[in-house]
Every structure is written in structure tokens, then in C-alpha cells.
Amino acid sequence: MFYLLKNPMFAVSGFALLFLASCKPQTTSSELSAAATPEATPQVQQKQQADVITSVRHLTAGEWFSKKNISSEEARTVDAIIDSLKVTEQRDGTPESLARWAEKNLQVLSLDHQKLSNISPILAFRNISTLSIIGNSFGQPQVDELVRGLPKLKNLLTDQGINCKANPKVTCLK
């Protein structure tokens, strides 16, 4: 070590490194405020998605379709499911009768481009084999919950960047 201090080239480069390490770039107040907002960091976004997963509720189809004590986002998903039943399956009736039919018979569900963000009501329909959720706000943690929570799911149509690795029996189609 004494040799390194005697050599002028090592001494100068050492001081230069110390100097550069002590210099911090100047940040503006707008950069500081942007960094202080929780939405600015990917870790916060992942935590928000994880919070959605921990709040997944497992109600029956009848409980979901009654829309009692559910959030507005859950209600939006319920409404999208009911609309799909009416259009795709050409089913009519009371929410209770639709729920009874769907709980036993619903195998294909398309919820494309509905701007949905809560998967909980979908999990009530355990016979779904094909599900399309393209164009919604479902993150990877929610999709993982779907592919694990729907035992008969074989095909999932979803957005780019989402995978079905949580259940290798499910085919992700993009």
C-alpha cells in the first residue's frame, strides 16, 4: 500500500476517484417532487398490484350478482360478466337466475376492453375454460391469481407482457 501512495499516478487517480464520488448531480425541485410521488416508482406500482391480490374476495356467483357490499370496481366486473352472458350466451333473467346458470355452465367468457381492474368476481365461475381479458388493467399478480384460481382454465387471451407461468396447463394467447 505504501508503494501505491509513493507512485504519483496512483495518488492522482485516487484523489480523482474520491472527488468524483463526492460530487452529486444537482436535482431540480420538479425532479424531487416527481421522485417523491408514490406513482413514480415501479416498486409502488407492484405493491399496489399486490394489494389488489390480497384483497381478492371469494364470494359465490349469487353474492357477486346481488352486488351487496362490493366495491365499485368489483361491480364493474360483475356488470361486464352479466353483459357478456346476455350477449354471448343469450341469457336473460334475474341476477340470481343468471348467477345460478353461469356458476354451473359458463365455460367461455370474454371481457375485452372493459377497463376492468378487479378479478375477484371472475373467480366465482370455476368452469371457465377459455377467458379473454384483453385491454383491461389486470396486472401480472392478478393474472397469476386467475390461472391458479380457475381449475378448468385452458386458454387465456391477454395483453402483451402478461404470462401464464403460474399454471403451466394454461395456454396464454396474445
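Q: Buried means under 20% relative accessible area, exposed over 50%, and partly exposed in between (1.4 Å probe, protein chains only). With that in hand, what share of the residues of this chain counts as buried?

A: Of the 174 residues, 32% are buried. Before we go on, this is a predicted model, where local features need pLDDT of at least 70 and side-chain atom pairs count only at pLDDT 80 or more, while totals for chains, interfaces and linings use all residues. Residues are numbered from 1 along each chain as its sequence is written, and side-chain values use heavy atoms, with hydrogens and water left out.

Q: And what does the outside of the chain look like in numbers?

A: Accessible areas come from the Shrake-Rupley method with a 1.4 Å probe, and for residues only the protein chains shown count as cover. Here the accessible surface is about 11000 Å², and 58% of that belongs to carbon and sulfur atoms.

Q: How many helices and strands should I look for?

A: Both are DSSP runs numbered from the N terminus: helices are H or I with at least four residues, strands are E with at least two. You'll find eight helices and four strands. Going from the N terminus, the order is α-α-α-α-α-α-α-β-β-α-β-β.

Q: How do the strands line up in the sheet?

A: Two strands pair if DSSP finds at least two bridges between them. In this chain, four strands make an open sheet in the order 1-2-3-4, with parallel pairing. Strand 1 (108-110) and strand 4 (171-173) are at the edges with a single partner strand each, so one side of each has no neighbour in the sheet. From one strand to the next, the twist averages 10 degrees; for angles like this, axes are lines fitted to C-alpha atoms (for helices, over the stretch in contact), and values run from 0 to 180 degrees between N-to-C directions.

Q: Which residue in strand 3 is the bridge partner of T130?

A: That's N155. Strand 2 (residues 130-132) and strand 3 (residues 155-157) pair in the parallel sense, over three bridges.

Q: What does S110 touch, leaving aside neighbours within four places in sequence?

A: Contact means heavy atoms within 4.5 Å. S110 sits in strand 1 and is in contact with S84 and S132. At 37% relative accessibility, S110 is partly exposed. Its C-alpha is 8.3 Å from that of T88, and the two are 22 residues apart in sequence.

Q: How do helix 6 and helix 7 cross?

A: Two packed helices are described by the angle between their axes and the distance between the axes. For this pair, the axes come within 11 Å and cross at roughly 80 degrees. That makes helix 6 roughly perpendicular to helix 7 (under 35 degrees is roughly parallel, over 145 roughly antiparallel, 65 to 115 roughly perpendicular, the rest oblique). At the meeting place, I82, L85 and K86 of helix 6 meet L98, W101 and A102 of helix 7.

Q: Which residues of helix 7 are buried?

A: In helix 7 (residues 95-105), L98, A99, W101 and A102 are buried. Their cover includes helix 5 (61-66) and helix 6 (72-87).

Q: Is A80 buried or exposed?

A: A80, in helix 6, is buried, with a relative accessible area of 5%. Not counting residues up to four places away in sequence, A80 touches L111, Q114 and L116. The C-alpha atoms of A80 and Q114 are 7.1 Å apart, with their positions 34 residues apart along the chain.

Q: Where is H113, and is it buried or exposed?

A: H113 is in the loop between strand 1 and strand 2, and it is exposed at 57% relative accessible area. Its phi is positive, about 50 degrees, although H113 is not a glycine. K115 is found in the loop between strand 1 and strand 2 too, with a positive phi near 60 degrees and an exposed 63% relative accessibility.

Q: How many residues of helix 8 are buried?

A: Seven of the 10 residues in helix 8 (residues 140-149) are buried, so the helix is mostly covered. Those are Q142, V143, D144, E145, L146, V147 and G149.

Q: Which cysteines does the disulfide join?

A: A disulfide is a pair of cysteine sulfur atoms within 2.5 Å. The structure holds one, joining C164 to C172 with an S to S distance of 1.8 Å. The link is right-handed, with 75 degrees about the S-S bond. C164 is buried, at 7% relative accessible area.
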